[in-house]
Amino acid sequence: MRQDYYDLKNQENKKLAAGVHVGALCRVEKFDPVAMTVDVQPLSKALDAAVYRTQPPVLGVPVALIRGAGFVVRPWYAAGDVGVILYIDHDIDRIVASGEESQPNTERNHSGDDAVFVGAFVPATKPVTGLPDEALVMGTDTGSLYIAIKKDVIEIKGDIRHIGNTQQKGRTDVTVDVTAAGVSLVKHTHNGNLGTPTSPPL
């Protein structure tokens, strides 16, 4: 076959591939914590008529999270966060509404209407800092507060507000003062004697 046929075919394949949405890095514009959706702005400009142009925003994108067997780990997003969306193969409207196996509502494929926000992305200009190594960590991205699960200990940095009852097994090392029912662990006294280091009851 002639070379121009192969060139034409390659151009057609390239054009088809360019029209298939797979995933994108995007900026969060709005977060709805009730519906668990985000409005996002794709950050990669798209080539259109030999000019790179800003893509339109993708609205009402469902947020993926960890949920199962009655447990949930819920993230929280704010405008300006950078994350990843995936474009699902088929129309997801009925599945999003019911959570059940469903026939696609339309024949669309890899559409912006069927995107899912799968999580945040860390740009080099906004690194996560101040968190302990070799640990599963939940905290602020500056390390000012965190809960870290290490192989031998759970480490908590920051003040704690407790709701409900407490049952404890194992040792707790406290490096800050603790006040219970208005009584300071560090500054309390026993018959006029300062109760630190902690003294036995009299």
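# How do we know? A tour in questions

Visitor: Which helix holds Arg 94?
Guide: Arg 94 belongs to helix α2, residues 93-98. Here, helices (H or I, at least four residues) and strands (E, at least two) are runs that DSSP assigns, numbered from the N terminus. What you see is a predicted model, where local features need pLDDT of at least 70, side-chain atom pairs count only at pLDDT 80 or more, and totals for chains, interfaces and linings use all residues. Residue numbers start from 1 along each chain as its sequence is written, and side-chain values use heavy atoms, leaving out hydrogens and water.

Visitor: How do you know whether to call Arg 94 buried, exposed or partly exposed?
Guide: By its relative accessible area, which is 40%. Buried means under 20%, exposed means over 50%, and partly exposed is in between (1.4 Å probe, protein chains only). So Arg 94, at 40%, gets the label partly exposed. By the way, its C-alpha atom is 6.6 Å from that of Asn 105, although the two residues are 11 apart along the chain.

Visitor: And Ala 50: buried or exposed?
Guide: Its relative accessible area is 72%, over the 50% mark, so Ala 50 is exposed. You'll find Ala 50 in the loop between β3 (46-48) and β4 (51-53). Its phi is positive, about 70°, though Ala 50 isn't a glycine.

Visitor: What makes you put Ala 69 in the buried or the exposed group?
Guide: Ala 69 comes out at 75%, so the over-50% rule makes it exposed. Ala 69 also sits in a loop, between β6 (66-68) and β7 (71-73), and has a positive phi near 55° without being a glycine.

Visitor: How do you know that β1 and β2 pair?
Guide: Two strands count as paired if DSSP finds at least two bridges between them. β1 and β2 have 6 bridges, in the antiparallel sense, so they pass that test. Phe 31 stands opposite Val 38 of β2. These two strands make a hairpin with 4 residues in between, where Met 36 has a positive phi near 55°.

Visitor: How many bridges join β2 to β5?
Guide: There are 3, with the strands running antiparallel. Val 38 has Val 61 as its bridge partner in β5.

Visitor: Why are β5 and β9 called edge strands?
Guide: The open sheet has 5 strands in the order β5-β2-β1-β8-β9, with antiparallel pairing. β5 and β9 each pair on one side only. From one strand to the next, the twist averages 50°; such angles run from 0 to 180 degrees between N-to-C directions of axes, which are lines fitted to C-alpha atoms (for helices, over the stretch in contact).

Visitor: What makes a nonpolar core?
Guide: Take buried Ala, Val, Leu, Ile, Met, Phe, Trp, Tyr and Cys residues, joined through side-chain atoms within 4.5 Å. The largest such core here has 15 residues, and Val 38 and Phe 117 are among those touching the most other members. β1 gives the most to this core, with 4 residues. As for β2, 5 of its 6 residues are buried, so "mostly covered" fits.

Visitor: Why is a space called a pocket and not a cavity?
Guide: Both are sought on a 1 Å grid over the protein atoms alone: in a cavity a 1.4 Å probe fits but cannot get out, while a pocket is an open set with protein on both sides within 12 Å along at least five of seven lines. Residues with an atom within 4 Å of a point are its lining. The largest pocket has 36 lining residues, with Trp 76 and Asp 141 among those nearest its centre. Its volume is about 1300 Å³, meaning the space filled by probe spheres set on grid points joined across faces, edges and corners.

Visitor: How many nonpolar residues are in that lining?
Guide: There are 25, alongside 5 polar and 6 charged. Nonpolar covers Ala, Val, Leu, Ile, Met, Phe, Trp, Tyr, Cys and Pro; charged covers Asp, Glu, Lys and Arg; the others, including Gly, are polar. β10 gives the most to this lining, 4 residues.

Visitor: What is the volume of the second largest pocket?
Guide: About 830 Å³. It is lined by 21 residues, and Ile 156 is one of the closest to its centre. Ile 156 is also the bridge partner, in β12, of Ile 147.
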